[in-house]
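Here is a set of questions and answers on one structure. Have the sequence and coordinates open as you read.

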Amino acid sequence: MRQSDDNQNIFVSTQSFIEELLTRLPVIIVNEKKTTAVVERSPKILYDRLIAFFVQNGRQIPMDASEFQRFLRDTFVERDGMFFTAEQAIKYDDLRRQIPEMVSLALFVGSEADGVQWLKRELVDKPQTYQDLQPKWMQDLVAPKKGDAIPELMQILEENFLKNEDSQWYIPDAENEADLEKVRTRRLLREFKTYVEAAEKPKGRIKEARLEALRTGFKNCYQEKDFATIVRVGDRIPQSLLTEDDVLLQYYDIATNRI
């Protein structure tokens, strides 16, 4: 019974936080008779804000990224890759009818998270082969943050999507997505371990790192209260990578105050 109550409290606090956050965001941004997507309504940014909220309050992070996306789909309304309250969704639909031209989310790929969203947009209507996707991917690929190592297109496909008998990639259903997320998390933690080992060497510097591996590793260390490792790795990665990512910086600042 206690576990059930704890889960319910986590759900209620998460729902309240996200609902309050959504109500403070604009429904759309209108610029020169075009509607522009509000990037803060994307699952990635909303999850970043949720992590920051729980870390700031010294609480365990209630769910992983795939669980959070399922929570969003079950609790709020999705439109064009963004999430709204029910009332906001009605307003959004009305505005979209008045101003149909839409500048979408994840137009360019400047990070691994951008790449996943870009692929979901490309694959939402029909499965596609690697050969179909690769030329468009290269066209929309832009320089990442200094020090961020973005995986190759094939690796992102293998870690986040499924392939049918015709070698076409498609978006997995919720159950398969959760299984992929578990496998991906294990891979990211193994990669993070290499950064920990590099940081333990005298005067060792990490010139380039996979941002998603750092996020996953920092999250795992935070949950295990291994604050020293967060600080040790944070001190050895490119400082621009640390200071320009809100999630990494949040973990690092909290860890610095705990050791």
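Contact means heavy atoms within 4.5 Å. This is a predicted model, in which local features need pLDDT of at least 70, side-chain atom pairs count only at pLDDT 80 or more, and totals for chains, interfaces and linings use all residues. Residues are numbered from 1 along each chain as its sequence is written, and side-chain values use heavy atoms, with hydrogens and water left out.

Q: Leaving aside neighbours within four places in sequence, which residues is Gln 223 in contact with?
A: Gln 223 sits in helix H9; helices (H or I, at least four residues) and strands (E, at least two) are DSSP runs, numbered from the N terminus. Its C-alpha is 6.2 Å from that of Gln 60, although 163 residues separate the two in sequence. Beyond the four-place window, the contacts of Gln 223 are Gln 60 and Ile 61.

Q: Is Gln 223 buried, partly exposed or exposed?
A: Buried means under 20% relative accessible area, exposed over 50%, and partly exposed in between (1.4 Å probe, protein chains only). Gln 223 has 29% relative accessibility, so the class is partly exposed.

Q: What is the relative accessible area of Asp 48?
A: Asp 48 belongs to helix H2. Outside the four-place window, Asp 48 touches Arg 215 and Val 247. Asp 48 counts as buried because its relative accessible area is 6%.

Q: How many residues of helix H10 are buried?
A: Helix H10 spans residues 227-236. Its buried residues include Phe 227, Ile 230 and Val 233. Among the elements covering them are helix H8 (174-199) and helix H12 (246-258). The buried count in H10 is seven of 10.

Q: Which residues have the most contacts inside the largest nonpolar core?
A: A nonpolar core is a set of buried Ala, Val, Leu, Ile, Met, Phe, Trp, Tyr and Cys residues joined through side-chain atoms within 4.5 Å. The largest one has 43 residues. Elements giving two or more residues to this core include helix H1 (2-24), helix H3 (65-75) and H10. Those with the most contacts inside it are Phe 68, Leu 214, Val 233 and Tyr 251.

Q: Which strands stand at the edges of the open sheet E6-E8-E7?
A: Two strands pair if DSSP finds at least two bridges between them. The three strands of this open sheet pair in the antiparallel sense. Each edge strand has a single partner, so one side of each is left without a neighbour in the sheet. The edge strands are E6 (128-129) and E7 (162-163).
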